[in-house]
Amino acid sequence: MAQAATQTMPITAKNTKPKSPATSPTAAAPAALPNREKAIQILSKTIYKELRENGYEPKQIVALATEIISLVTTDIGDRPLA
């Protein structure tokens, strides 16, 4: 299987912790939550489309998704999701 050339895109993230409960993501107003869910749907579709357009096979995309799930699972450990 030929590997497609990949383009790297800079990813920036701020590793800042909220200083007060008011700035915590869990303290977001209820109206903000549907916007985040919609943003996740849009981001997911965009990532999938970009990967497919750059030659990644569905099996490779599943491997990526599995790795992300593994990282999240490790991060949350035994903590409840809600």
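The exercises below, with worked solutions, concern a predicted model of one protein chain.

**Exercise 1.** State how confident the prediction is, and where caution is needed.

Solution. Begin with the whole chain: its average pLDDT is 76, and 59% of the residues score at least 70. Next, turn to residues 1-20, where the pLDDT is below 50. Beyond near neighbours in sequence, this stretch has ten contacts in the model. Where pLDDT is low, predicted coordinates should not be read in detail.

**Exercise 2.** How many helices and strands does the chain have?

Solution. The chain has two helices and zero strands. The helices are α1, covering 32-53, and α2, covering 58-76. After α2 comes G77, which has a positive phi near 55 degrees.

**Exercise 3.** Check the span of α2 against the expected value.

Solution. Helix α2 has 19 residues. The expected span is 1.5 Å times one less than the number of residues. For α2 this gives 27 Å. The C-alpha atoms at the ends of α2 are 27 Å apart, so the two values agree.

**Exercise 4.** Which residues form the nonpolar patch on the surface, and which helix supplies the largest share?

Solution. The patch consists of L43, I47, L64, I68 and V72, with about 420 Å² of accessible area together. Both α1 and α2 supply at least two of its residues. The largest share, three residues, comes from α2.

**Exercise 5.** Classify L64 as buried, partly exposed or exposed.

Solution. L64 lies in helix α2. Its relative accessibility is 39%. Buried means under 20% and exposed means over 50%. The value for L64 falls in between, so L64 counts as partly exposed.

**Exercise 6.** Describe burial and surface for the whole chain.

Solution. Of the 82 residues in the chain, 4% are buried. The chain exposes about 7900 Å², and carbon and sulfur atoms supply 62% of that area.

Notes. Residues numbered from 1 in each chain as written. Predicted model: local features only at pLDDT ≥ 70, side-chain atom pairs only at ≥ 80, totals over all residues. Heavy atoms only, no water. Patch = residues over 30% accessible without salt bridge, like charges linked within 9 Å, V, L, I, M, F, W, Y side chains within 5 Å. Areas by Shrake-Rupley, 256 points an atom, 1.4 Å probe, with all protein chains shown as cover. Salt bridge = Lys/Arg side-chain N within 4 Å of Asp/Glu carboxyl O. Helix = DSSP H or I, 4+ residues; strand = E, 2+ residues; numbered from the N terminus. Buried < 20%, exposed > 50% of the residue type's maximum accessible area, 1.4 Å probe, protein only. pLDDT = per-residue confidence, 0-100. Contact = heavy atoms within 4.5 Å.
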